[in-house]
Amino acid sequence: MSGILDGIRVIDCTHGQVGPYAGQMLGDMGADVVHVEGPQRPDMTRLDLTVHGLPVMLPHGRGSVFYDDHNRNKRAITLELNQEEGRQVAYDLLRHSDVFLSNFRPKVLARMGLDYPSLRQVNKRLVYASASGLGREGPDADRPSIAFVVDARSGMMMAGGEQGQDPCMVPVGVGDRITSVFLAYGIMSALLQREKTGEGQELHVSQLMAMMTLFGNTMSSYLWLGQPFPRFDHSHPRNPLYNYYKCKDGRCIALANRQSDKYWSTFCRVTGLTDLEHDPRYEDAERRAENYQELLRVLNEMFLTRTAQEWEEALGQGDLLFSTIQDIPDVANDPQVKANNYILEWEHPVSGRIKVMGFPVEFSENPGTIRRAPPAFGEHTEEVLMEVCGYDWDRLSELKEKGVI
């Protein structure tokens, strides 16, 4: 069964996580993704040893967890784009390709002759997709950036966490992933438009805008109402049915019943708080907000009487919104995750049978597949240049001697 993007070729001149993950998303859907690295400059994620003190280098020697997690379903070549002859090789590849994907800074792309006006002269059908940290315009357009920079600048670190806390660290890679999703979305849209017009176009996504979009409710609150959406404060909830509570076993359970009037009677019944159901202090959302301190004390004491699993069973008797708060090992072993194949077992050619993330979008006719392992450095250079550009071994030997590949 072919993928939706079968027959589409992507030249992936990216590094790190933003561009590579967007390329992997396209590869998962069947595209032929060619990941380009410099002969002396491997993708930075191949070289990661530790992150936050956790060793991330994989035993097979091809790279780190982050490299493998962003580069399956690709072929890898080496190409020196700082040399004129290397650029000409890139042009030969792009004449026979559909998408150019990059996360280099604009001035770097222009210096290498890989800006959109230059590549449009090479291939008018080319979809040109680029990503940046802070956008292409403005005083900081050419500043170097990674996800942590944008976590700070976008407001995300102050939007998360609770009232009165210091800035809240965002999990590693969130900004990279959401930017990649928008990149893949844009590329797919541009490919669809090309079917109508016969010509490609340029598209761009910045991490700054992607992160602002990710927590758009908070941003829109400020834009519409003139004040930012307040950070959460679980010790002073206006709605005690939208809060989290510690259970007897030390785990916490989250209640997510924003429309508390709808759920109040059921909540009282399944938790055994029937004497509070018609208490005038708690008869509606407004009264519960006024008297939240006493109700919060009751709920805190109540949840400490049972384990999280016991509360899951009790709350499950009603049509309530709730979940035990899980850590990462919990999620990996969650029966719901397993039932939906969100984590797959796959035979890595070097590491053996491993578990990897599955595909976030399910297609009935053209599902995502894992066809290739994350490639070794330069693994497919000769194969790609012979297949796509028509080079022979003499030409390849010449390019190697000059340090172009």
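**Note on the predicted model: cysteines, helix packing and backbone outliers**

1. A search of the whole structure finds zero disulfides. A disulfide here is a pair of cysteine sulfur atoms within 2.5 Å. The model is predicted: local features need pLDDT of at least 70, side-chain atom pairs count only at pLDDT 80 or more, and totals for chains, interfaces and linings use all residues. Residues are numbered from 1 along each chain as its sequence is written, and side-chain values use heavy atoms, with hydrogens and water left out.

2. Why is Cys252 without a bond to Cys247? The closest cysteine sulfur to that of Cys252 is in Cys247, at 6.7 Å, which is too far for a bond. Cys268 is in no disulfide either; its nearest cysteine sulfur, again that of Cys247, is 17 Å away. Cys252 is buried, at 19% relative accessible area. Cys268 is buried as well, at 0%. The classes are buried under 20% relative accessible area, exposed over 50%, and partly exposed in between (1.4 Å probe, protein chains only).

3. Cys268 sits in helix α11 (residues 260–271), where Ser260, Tyr263, Trp264, Phe267, Val270 and Thr271 are also buried. Helices (H or I, at least four residues) and strands (E, at least two) are DSSP runs, numbered from the N terminus. Down the axis of α11, the buried residues fall within an arc of 165°, so they line one face of the helix. The arc is that of the directions from the helix axis to the C-beta atoms.

4. What covers that face? The cover over the buried residues of α11 includes β10 (252–256), α12 (285–290), α13 (292–303) and α14 (308–315). Contact means heavy atoms within 4.5 Å. Just after α11, Gly272 takes a positive phi of about 85°.

5. Helix α1 (residues 18–28) is mostly covered, with eleven of its eleven residues buried. Among them are Val18, Tyr21, Met25, Leu26 and Asp28. Gly30, just after α1, has a positive phi of about 110°.

6. How does α1 pack on helix α8 (residues 174–197)? Their axes come within 8 Å and cross at roughly 50°. That makes α1 oblique to α8. Axes are lines fitted to C-alpha atoms, for helices over the stretch in contact, and angles run from 0 to 180 degrees between N-to-C directions. Angles under 35 degrees count as roughly parallel, over 145 as roughly antiparallel, 65 to 115 as roughly perpendicular and the rest as oblique. The crossing is right-handed. Val18, Tyr21, Ala22, Met25 and Leu26 of α1 meet a set of α8 residues including Arg177, Val181, Leu183, Ile187 and Met188.

7. A second helix pair is α17 (residues 381–389) with α18 (residues 393–401): the axes come within 11 Å and cross at roughly 130°. That angle makes α17 oblique to α18. This crossing is right-handed, meaning that the near helix is turned clockwise from the far one by less than a right angle; anticlockwise would be left-handed. Glu382, Leu385 and Met386 in α17 meet Trp393, Leu396, Leu399 and Lys400 in α18.

8. Which backbone values deserve a look? His52 has a positive phi of about 55° although it is not a glycine. His52 is in the loop between β3 (50–51) and β4 (54–55). At 69% relative accessibility, His52 counts as exposed.

9. Asn341, not a glycine, also has a positive phi of about 55°. Asn341 lies in the loop between α16 (335–339) and β12 (343–348).
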